[in-house]
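Reader: I would like a close look at one small part of this model, and then an account of the rest that works outward from there. Please keep it plain.

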Amino acid sequence: MSDTAPVFQLDTTQSDTLILALTGDWIQGAGAPDFNDLRTNLNALSPKTLIVHFDNIEQWDSILMAFLLQCSNHCQDKGIALDTTSLPESAQRLLDVATAVRPHQRPEPGDYHWLTSINPLRMLKATMGNIRESLAFIGEVAMALANLVVGKANTRYVDFRAFCYQSGPDAFAIISLISILVGMILGYLGAVQLQQFGAGIYVADLVVIGTLREMGALMTAVVMAGRTGAAYAAQLGTMQTNEEIDAIVTLGISPMEFLVVPRMLALVVMMPLLTIYADVLGILGGALVAGGMGITPLQYFNQASAAVEMNHIMVGLIKSVTFALLIAVAGCRSGINSGRSSAAVGQAATQAVVTAIIYLIVADAAINILCQQLDY
Amino acid sequence: MIDAPPPIEVRDVTMAYGDFVIQRDLNFPINQGDIFVIMGGSGCGKSTLLKHMLGLIAPAAGDIVYSGQSFVHANSNEQERMRQRWGITYQSGGLFSAMTLAENISLPLQLYTRFSPKERMEIIAYKLALVGLDGYQDYYPSEISGGMRKRAALARAIAMDPDILFFDEPSAGLDPISSRLLDELIVQLKESIGATVVMVTHELPSIFAIATNSVYLDANTRTMIAYGDPRELRDHSEQAVVRQFLTRSSATKIEETA
């Protein structure tokens, strides 16, 4: 097997009819010539006919075919007649197949300037569209809930029960860990400062109020947004991809009643329970820290039980119900509106978590301001 | 009887995603008892047309009329009532993955009929037996093969003895024997329950074996260019593209004669 370099030669004796002689081994790694060189020549000479001569080629592979395809496309664009009759039959057939369908021309994208992406009008329009979509979703959910109340909704109790289990008992481990640690963090934060004033015992008050009013509900919600909100989005997104949601619609069932309501109710029922659990563990976490600072458990719990007030607990519970609704809305909306591909399902899950966390922080701030104004 | 409106009529339908028109001016009736095939090359909008007929996408213009009643202009209660008379299988099956096969089939029965639980289980067993899957009641869709999933989807579609059966690529991805069995099943079901069948497919053997009427959607001109019995179209269509589609002529020839 003699490896000779693949070359082409252009016979330009006749200006109308050029002869393209291909020689050498047109195989991978042999250094095939660049088609652009030939293109330059062809553009300069602008012939009417191009005859390919296939001389002494012992071996050839896709490199040759790629070259010939470019040649053929170029000739078709420029209206040059291409004669490939000297090719071996197998190459001829491959070229026929490759040129059977013309390359697709992607339509020119319209005039687009990067400034248009920060056009405030456009952004306003997009935001308004987003808000309208959210409101429409909430409206549909509200109608589904109304149907549930009058007993006309296609919501299955088994689904509700399964989602309760998923979002409740299944989350115990992670909630336990997070709330004990957050209780300890609050304890340290307070203990260091309060001891400077000799008021170390008040660490109990700080942990109790901080956990009941704020951290218990918020940390539970953040965990549930990452855990359950993302799961809801992924479940519904996959159902969208599998045409399961189409099937539900064409069975005459409202996806809101069948899919969204049981998920949302499960979260609304389980989140307050998880929050109470987190509150208890958070206060225990604080006790661990207080113990390290020389406060006996008896002292700590005495002080703590004096600090526990019904309105602290209520604020935490009101928050947890609000957060549950927001997480469920963010998760289900992203899932239902998801595109139909694996990438889109991933995006839906990401969007669900990001939106839920934004909702949580904004709602938390709003409730705090409200409580302050109401002196509750 | 002659004056009864056809079960399905597509009237002046234009389908579009935003500004991008997929197909325009679609106009054809589907007659009682037909096995009607929507055919055309890849990407011409066959499945999209089916989704329009199912009311999953609203047409950009035009109307879909079921037995003389407009679907597009019906209110949601009427739409729901019309949908209860349909049975549908989707390209990917569309079985609910969180439910067993029995629960999948049982869902429409629970919603729209008043069978006792025992009767319901008997009907589920019968519908599964029709598609050769009796005994698989407690399997989840992920636990059975792709071909079995298609048949299970068919069992769910016929759970309510529908008047109209819609199939999106019923035999895609099936081996030739299963595919032929599915075709036979469709014909038998159609004859026994007297349904009208609408299917999207480009499996030529199954088109010639069972279809009685068809429409061809062309991707280039973006409209329908042929309507009629596919065997007639294969031999006598005025459109070269249609004849070539139905005789599997090579792509090069299409380019030359189109």
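Author: B:Gly43 sits in the loop that runs between strand E3 (35–40) and helix H1 (46–53) of chain B. The model is a predicted one. B:Gly43 has 10 other C-beta atoms within 10 Å and is therefore exposed, since a residue counts as exposed with 12 or fewer. Its C-alpha atom is 9.0 Å from that of B:Ile22, and the two residues are 21 apart along the chain.

Another exposed residue of chain B is B:Asp25, which belongs to strand E2 (residues 20–30). B:Asp25 has 12 C-beta neighbours inside 10 Å, so it counts as exposed. Its phi is positive, about 55 degrees, although B:Asp25 is not a glycine. Most residues other than glycine have a negative phi. Chain A offers a second case: A:Asp375, also not a glycine, has a positive phi of about 60 degrees. A:Asp375 is found in the segment after helix H12 (342–374) of chain A. With 6 other C-beta atoms within 10 Å, A:Asp375 is exposed.

From the exposed residues, turn to the interior. Nonpolar side chains tend to be buried together in soluble globular proteins. Here the largest nonpolar core has 135 residues, and among those with the most contacts inside it are A:Leu267, A:Ile327, B:Ala155, B:Phe166 and B:Val198. Helix H9 (residues 255–292) of chain A gives this core its largest share, 18 residues. Another core, of 16 residues, lies apart from it and includes A:Leu20, A:Leu50, A:Val52 and A:Leu95. On the chain B side of the largest core, B:Phe166 touches B:Leu50, B:Leu54, B:Trp86, B:Ile88 and B:Val198, leaving out residues up to four places away in sequence.

The two chains also meet in a contact that takes 19 residues from chain B and 14 residues from chain A. On the side of chain B that touches chain A, helix H2 (76–83), strand E6 (86–89), helix H3 (101–112) and helix H10 (251–257) each supply at least two residues. That side of chain B has 10 nonpolar, six polar and three charged residues.

Helix H3 of chain B also packs on a helix of its own chain. Two packed helices are described by the angle between their axes and the distance between the axes. For H3(B) and helix H4 (residues 117–130) of chain B, the angle is about 115 degrees and the axes are 10 Å apart. H3(B) passes H4(B) in a right-handed crossing. H3(B) brings B:Leu101, B:Ala102, B:Ile105, B:Ser106 and B:Leu109 to the contact, and H4(B) brings B:Arg120, B:Ile123, B:Ile124, B:Lys127 and B:Leu128. Sorted by class, these are seven nonpolar, one polar and two charged residues.

In chain A, helix H9 can be followed through its partners. Helix H5 (residues 157–167) of chain A and H9(A) have axes that come within 8 Å and cross at roughly 45 degrees. That angle makes H5(A) oblique to H9(A). The crossing of H5(A) past H9(A) is right-handed. From H5(A), the contact uses A:Asp159, A:Phe160, A:Phe163, A:Cys164 and A:Ser167; from H9(A), it uses A:Pro262, A:Arg263, A:Leu265, A:Ala266, A:Leu267, A:Val269 and A:Met270. Nine of the residues in this contact are nonpolar, one is polar and two are charged. A:Leu267 thus appears both here and among the residues with the most contacts inside the largest core.

A further partner of H9(A) is helix H7 (residues 203–241) of chain A; their axes come within 7 Å and cross at roughly 145 degrees. H7(A) and H9(A) likewise form a right-handed crossing. The contact of H7(A) with H9(A) has 18 nonpolar, seven polar and two charged residues.

One last residue is A:Leu325, in helix H11 (residues 310–336) of chain A. Apart from neighbours within four places in sequence, A:Leu325 is in contact with A:Met264 and A:Val268. A:Val268 is 57 residues away from A:Leu325 along the chain, yet their C-alpha atoms are separated by 6.4 Å. A:Leu325 has 17 other C-beta atoms within 10 Å, which means that it is partly exposed. A count of 20 or more would have made a residue buried.

Methods: Residues are numbered from 1 along each chain as its sequence is written. Chains are lettered from A and ligands numbered from 1 in the order in which they are written. This is a predicted model: local features need pLDDT of at least 70, side-chain atom pairs count only at pLDDT 80 or more; totals for chains, interfaces and linings use all residues. Two residues are in contact if their C-beta atoms, placed from the backbone, lie within 7 Å. Helices (H or I, at least four residues) and strands (E, at least two) are DSSP runs, numbered from the N terminus. Ala, Val, Leu, Ile, Met, Phe, Trp, Tyr, Cys and Pro count as nonpolar, Asp, Glu, Lys and Arg as charged, and the others, Gly among them, as polar. A nonpolar core is a set of buried Ala, Val, Leu, Ile, Met, Phe, Trp, Tyr and Cys residues joined through C-beta atoms within 7 Å. Axes are lines fitted to C-alpha atoms, for helices over the stretch in contact, and angles run from 0 to 180 degrees between N-to-C directions. Angles under 35 degrees count as roughly parallel, over 145 as roughly antiparallel, 65 to 115 as roughly perpendicular and the rest as oblique. A crossing is left-handed if the near helix is turned anticlockwise from the far one by less than a right angle, and right-handed if clockwise.
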